[in-house]
Amino acid sequence: MKLSRRSLLATTAAVAASPGVLASAAHAAPEGGRRLRTGFENLVADGYAVLDGQRVGVVTNPTGITRDVRHIVDVMHADDRVDLIAVFGPEHGFRGTAQAGGSEGRYDDPATGLPVYDTYLKSGRALADIFTASGVDTVVFDIQDAGARFYTYIWTLFDCMEAARLAGKRFVVLDRPNPATGRSAEGPVLHREFATFVGRQPISQAHGMTVAELALLFNAEFLTAPVPLETVTMTGWRRSEFYDASGLPWVPPSPNMPTPETALVYSGTCLFEGTNLSEGRGTTRPFELLGAEGIDGRWAAAANGLGLPGVRFREAYFAPTFSKFQGRTVGGVQLHVHDRVAFDPVLTGIALLVTAKRVWSGFAWRPDNWIDKLTGSTQVRTAINAGASPDEVAAGWQEELAAFRRTRAQYLLYK
């Protein structure tokens, strides 16, 4: 029997996706013999049934990989059971060659020959026209999220769902773990008048949901009208688990999200993008290193003096290779999370803003009040300007957060 290269690759993909092989390939297994299977793994295990008879396009980036680090586009393209005809690249691009605020544009993928369309900063009818032009019947989404409202891939999900609805396409979401866990929603809830690409709809700053759960919430609560939606869930994932319990390899979803530890702090320390301090871009520890010229050890001392749960702060000095303070040595803090369960990233981010403003006379918000876009309203900025403590700042969003938690609870898929 003679096999074509495409048939051989399809056979290999099917074998690699079988439960026995995937279990042996796992880096680590959760307790009790459980093994997490991603949405894509379950899609393959079901013989791609949800895509049967459909011309398929995939919205993905470098995080759309199998347990043995092959890209799902390469696997699907080699499998005769899938009619994959297009790829849609978000911010940073399908293969991940672009920095923050960039994309790869329209091109043909050298590895597969598939047309790659650029979705970055496109929405509504313009994005719907791209889906129509591609000729797909079903749009599949598979991107690793970071768990924060201002991480733009969840709004790529939202925009693609709305555009698929406008174009009359089906939409399928392949689920992956929330690296910061799915334990709880935390932080301020976006006010719609502050909607941007770092927050389209009123969800909390740390949403504590997976992308499939968010898709269900978006479809029922926020889309103009529902899109024909199917979710392919994970098996073996628990809401309380951090990413290292998954046994899955970590691929940076964007250039400044190098590790799961970055994702753990990101929903709090990304707020420093709204200030004149460095948020650590241009270092090997973005969002864990924060600082500016003129800051000394008083900031770390003030932050440690608050006794925040699960985290300590080290006086740190660093010279970013790009972004704010490029090539200049700055002083600040490095976060060291010693108890992930107790750690509250949003409260920690607020506490660091409060203490930085108290100890450093040079502290300033970005002139465009970008902090309001990140936090979702003027409440955080005005409270900090008025001298509020971290707990007093947090008190200002509790009523809206409680309402969002009630809404969120309707769409949770895992225990």
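These are my notebook entries on one protein chain, a predicted model.

**Entry 1: the whole chain**

I began with the overall build. The chain has 14 helices and 12 strands. I then looked up the radius of gyration, which is 22 Å; a compact globule with 415 residues would have a value near 22 Å, so the two agree. Along the principal axes, the C-alpha atoms fill a box of roughly 75 × 45 × 40 Å.

Next I asked myself what share of the 415 residues is buried. I found that buried residues make up 58% of them. The chain exposes about 15,600 Å², and carbon and sulfur atoms supply 52% of that area.

I also checked which contacts reach far along the sequence. Taking contacts between residues at least 6 apart in sequence, 74% join residues at least 24 apart. Last for this entry, I looked at charges: there are 41 positive and 43 negative ones, and their mean positions are 1 Å apart.

**Entry 2: the sheet**

I turned to the strands. A reminder to myself: strands of a sheet pair through backbone hydrogen bonds, either parallel or antiparallel. Here I found an open sheet of seven strands, in the order β3-β4-β2-β1-β5-β6-β9, with mixed pairing. Which strands sit at the edges? They are β3 (107-108) and β9 (229-232), each of which pairs on one side only.

I followed β1 (residues 55-60) to both of its neighbours in that order. On one side, five bridges join β1 to β2, and the two run parallel. As an example of a facing pair, Arg 55 stands opposite Asp 83 in β2. On the other side, five bridges join β1 to β5 (residues 138-142), again running parallel. There I noted Val 59, whose bridge partner in β5 is Phe 141.

Then I wondered how many of the seven residues of β2 (residues 83-89) are buried. Five are, so the rest of the structure largely encloses this strand.

Just before β2 comes a loop that starts after α4 (72-77), and Asp 79 lies in it. Is Asp 79 buried or exposed? Asp 79 is buried, because its relative accessible area is 2% and the cut-off for buried is under 20%. I also took a distance from Asp 79 to Val 251: they are 172 residues apart in sequence and 23 Å apart in space, C-alpha to C-alpha.

**Entry 3: helix α8**

I picked α8 (residues 260-269) for a closer look. Nine of its 10 residues are buried, so the helix is largely enclosed by the rest of the structure. The buried ones include Pro 260, Leu 264, Tyr 266 and Gly 268. What covers them? The cover includes β8 (204-206), β10 (289-292), β12 and α10.

Within this helix I chose Thr 262. Thr 262 has 0% relative accessibility, so it counts as buried. Leaving out neighbours within four places in sequence, I found Thr 262 in contact with Asn 256, Met 257, Pro 286, Phe 287 and Glu 288.

**Entry 4: Pro 252, on the way to α8**

Pro 252 lies in the loop between β9 and α8. With a relative accessible area of 37%, Pro 252 is partly exposed. I looked for a residue from elsewhere in the sequence and tried Pro 62. Pro 252 and Pro 62 are 190 residues apart in sequence, yet their C-alpha atoms are 7.8 Å apart in space. Not counting residues up to four places away, Pro 252 touches Thr 63, Met 257 and Pro 258. Met 257 is also among the contacts of Thr 262, so I marked that residue in both entries.

**Entry 5: two positive phi angles**

My last search was for positive phi values outside glycine. Phe 325 has a phi of about 60 degrees. Phe 325 is in the loop between β11 (311-318) and β12 (330-337), and it is buried, with a relative accessible area of 14%.

Where does Asn 369 lie? Asn 369 is in the loop between α10 (345-359) and α11 (370-375). Its phi is near 50 degrees, again positive in a residue other than glycine. Asn 369 counts as partly exposed, at 26% relative accessibility.

Note on methods. Residues numbered from 1 in each chain as written. Predicted model: local features only at pLDDT ≥ 70, side-chain atom pairs only at ≥ 80, totals over all residues. Heavy atoms only, no water. Helix = DSSP H or I, 4+ residues; strand = E, 2+ residues; numbered from the N terminus. Rg over C-alpha atoms; globule rule 2.2 N^0.38 Å. Buried < 20%, exposed > 50% of the residue type's maximum accessible area, 1.4 Å probe, protein only. Contact = heavy atoms within 4.5 Å. Areas by Shrake-Rupley, 256 points an atom, 1.4 Å probe, with all protein chains shown as cover. Lys, Arg positive; Asp, Glu negative; His and termini not counted. Charge placed at Lys NZ, Arg CZ, Asp CG, Glu CD. Pairing = 2+ DSSP bridges.
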